[in-house]
Amino acid sequence: QVQLVESGGGLVQPGGSLRLSCVASISAFEIYDLGWYRQPPGKQRELVAHISSVETTNYADSVKGRFTISRDNTKNTVYLQMDSLRPEDTAVYLCNAKNPFRPVSNNYWGQGTQVTVSS
């Protein structure tokens, strides 16, 4: 059974940093496209950052220059380094793994980790 497990969330002051991790129990992890999404309270889920199998990255405009996505295929893990955090970054952060060759059947989500930015 495929599982994605996020960790690293918590409470941080504005301007602080957090590093999120997501470990995936997936075969052929290296071919998967990986993403971090977030869902603020009462709002829709939105894409924060994405990294392809060849490590091409994309970011939401609101996090460019502050967040960095990376992956370690030897550990089946995707990371999100979040710096200069703002109150508006408060949300549940979820990781996603999608097989680009089977995007419907092999599309997996974690349960999420809460990030709260507040003084």
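Me: Which residues does R71 touch, not counting residues up to four places away in sequence?
Reply: R71 touches F29, E30, Y32, L34, I51, S52, S53, E55, T77 and V78, where contact means heavy atoms within 4.5 Å. This is a predicted model, where local features need pLDDT of at least 70, side-chain atom pairs count only at pLDDT 80 or more, and totals for chains, interfaces and linings use all residues. Residues are numbered from 1 along each chain as its sequence is written, and side-chain values use heavy atoms, with hydrogens and water left out.

Me: Ok, is R71 buried or exposed?
Reply: R71 is buried, meaning under 20% relative accessible area with a 1.4 Å probe, protein chains only (exposed is over 50%, partly exposed in between).

Me: And what's the nearest side chain of opposite charge?
Reply: That's E55, 5.3 Å away, and R71 has no salt bridge. A salt bridge needs a side-chain nitrogen of Lys or Arg within 4 Å of a carboxyl oxygen of Asp or Glu. For charge, Lys and Arg count as positive, Asp and Glu as negative, and His and the chain ends are not counted.

Me: So what does the side chain of R71 reach?
Reply: The backbone oxygen of F29, at 3.0 Å. The backbone oxygen of Y32 also lies 2.8 Å from a polar atom of that R71 side chain.

Me: New topic: why does T90 count as buried?
Reply: Because its relative accessibility is 17%.

Me: Which backbone nitrogen does the T90 side chain reach?
Reply: The one of V117, at 2.9 Å. A polar atom of the T90 side chain also lies 2.9 Å from the backbone oxygen of P87.

Notes: Polar contact = N/O pair within 3.5 Å; in protein donor to acceptor, adjacent residues only side chain to side chain.
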